[in-house]
Amino acid sequence: MSKIEQARQHMEKVHGIRSGTASFLLHTKNAVTPQVTAASTDPNLSSEGRYQKAQEIRDRYGFDFLQRAHKRKQAFIHHARKAAEFADAVIYEQLPKPDEEKLRRFEGELRNIKTEIRLAANPQRAIQKLNEFVAKLDDPYIADQVRSEFSDFITMIGTGEAEKRELSAIYQGLTQRFETEEVREARSILEAAKAAENTDLFFGYIADVVVEILGDTGKFANQTEQFFAEFPGLSNGDYVEGEDVDTMPPKIEYQPVVVVRNEGLPQGVLDAIKKPRSFSPRTIR
């Protein structure tokens, strides 16, 4: 499989995990809501008892949800970074050198154009000469060498606003003219993958629905890394490459993995759940 194909494959995983967030949450809602509703309407309990029982259900299943969300986010970041890695390799793949004679001629022409630019009567005349030189290029490797020399051209011609605009246009044109469709695609993937690393999976109304379903525990849906670092005993491990976290079963049969003792959750966990700001402001948004 080529590097661009691998970049595409990892980016498809990123899109799949992100687009599956609402479905993932719906499965959780379908599993939790009936139990919360039953507890909230239990005629054998007092008003306070119904509230406490419903909250206990939210807390128990909330941790299960956070563990699943934690692995999904880790998988999301893993695939984004792999997509960026392969895309970067495509963009900066070594271009084949032309034959020695063609390379020797280019080096001589490059020296000449630099001299002509230095001797030009004004910046516009210098830009005209550079444009004429660039228009004759017909090899991607040589075009890349010219791009690497552009800081010298800018220094020689000047950095006035008009000159910067025209030099920028020449540079961009030089890049686009010799860039293959594969490299353009790789640049697009790289940009999307970098953005994905800083993207929350639960955003907007979806983040609000998480809290509506799970109560205060749901506030940590986008901060699972920090939450489990603070309470490692509640974690069921990290994402392992190849683990399927983006294909949801038809129905989730919840078996809470956090066993809550009769005396309730540890006080530190309760404090963190009820007072999210007990975390550092740098880690909780």
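## Close-up legends

**The lining of the largest cavity splits into four nonpolar residues, two polar and one charged.** This is a predicted model, and the view goes straight to its enclosed space. There is one cavity of 30 Å³ or more in the structure, and the volume of the largest cavity is about 40 Å³. Which residues line the largest cavity? Going along the sequence, they are Ala69, Lys73, Leu201, Phe202, Ala221, Asn222 and Thr224. Keep an eye on Phe202, one of these lining residues, since Phe202 turns up again in the ring-pair view, where its partner is Phe65.

**The largest pocket comes in at about 470 Å³.** A total of 20 residues line the largest pocket, and those closest to its centre are Ile91, Glu93, Leu95, Asp144 and Arg147. By class, the lining breaks down into ten nonpolar, six charged and four polar residues. Which helix gives the largest share of the lining? That would be α6, with five residues. Helices supplying at least two lining residues each are α3 (47–91), α6 (140–148), α8 (161–178) and α9 (181–196).

**Phe65 and Phe202 make a tilted ring pair.** The Phe65 and Phe202 rings sit 5.6 Å centre to centre, with 55 degrees between the planes. Phe65 belongs to helix α3, while Phe202 is in the loop between α9 and α10 (205–214), so the pair ties together parts that are 137 residues apart in sequence. Are these two rings buried or exposed? Phe65 and Phe202 are both buried.

**Phe150 and Phe153 pair up edge-to-face.** Here the planes of Phe150 and Phe153 are 85 degrees apart, and the ring centres are 5.6 Å apart. Unlike the previous view, this one stays inside a single element: Phe150 and Phe153 both lie in helix α7 (residues 150–157), three residues apart, or about one turn of the helix. Phe150 has a relative accessibility of 4%, so Phe150 counts as buried. Phe153 is buried too, because its relative accessibility is 0%.

**Five phenylalanines are joined into a cluster of rings.** The members are Phe63, Phe220, Phe227, Phe228 and Phe231, linked to one another through ring pairs. How many aromatic pairs does the whole structure hold? The search turns up nine aromatic pairs.

**Glu163 sits in helix α8 and is buried.** Its relative accessible area is 15%, and the cut-off for buried is under 20%, so Glu163 makes it into the buried class. Which residues does Glu163 touch, once neighbours within four places in sequence are set aside? The contacts are Pro123, Gln124, Ile127, Ile157 and Gly158. Of these partners, Ile127 is 36 residues from Glu163 in sequence, and the two C-alpha atoms are 7.9 Å apart.

**Pro123 faces Glu163 from helix α5 as one of its contacts.** Helix α5 covers residues 123–135. Pro123 has a relative accessibility of 31%, so Pro123 counts as partly exposed. Beyond four places in sequence, Pro123 is in contact with Ile157 and Glu163. Ile157 also shows up among the contacts of Glu163. Pro123 and Gly158 are 35 residues apart along the chain, with a C-alpha to C-alpha separation of 7.0 Å.

**The wide view has twelve helices and zero strands.** Read along the sequence, the pattern is α-α-α-α-α-α-α-α-α-α-α-α. Of the 285 residues, 41% count as buried. Take contacts between residues at least 6 apart in sequence: 81% of them join residues at least 24 apart.

**Confidence varies along the chain, from a high in helix α1 to a low in helix α12.** Average pLDDT for the protein is 84, and 86% of the residues score at least 70. Helix α1 (residues 3–19) has a mean of 95, whereas helix α12 (residues 267–274) has a mean of 59. Where does pLDDT stay under 50? One such stretch is residues 254–264, for which the model has 18 contacts beyond four places in sequence. Another is residues 275–285, for which the model also has 18 such contacts. Where pLDDT is low, the predicted coordinates shouldn't be read in detail.

Conventions. Residues numbered from 1 in each chain as written. Predicted model: local features only at pLDDT ≥ 70, side-chain atom pairs only at ≥ 80, totals over all residues. Heavy atoms only, no water. 1 Å grid on protein atoms, 1.4 Å probe; cavity = no way out; pocket = protein on both sides within 12 Å on 5 of 7 lines; lining within 4 Å. Points joined across faces, edges and corners; volume = space filled by probe spheres on them. Nonpolar A, V, L, I, M, F, W, Y, C, P; charged D, E, K, R; others polar. Helix = DSSP H or I, 4+ residues; strand = E, 2+ residues; numbered from the N terminus. pLDDT = per-residue confidence, 0-100. Contact = heavy atoms within 4.5 Å. Phe/Tyr/Trp six-rings, centres within 6.5 Å; stacked < 30°, edge-to-face > 60°. Buried < 20%, exposed > 50% of the residue type's maximum accessible area, 1.4 Å probe, protein only.
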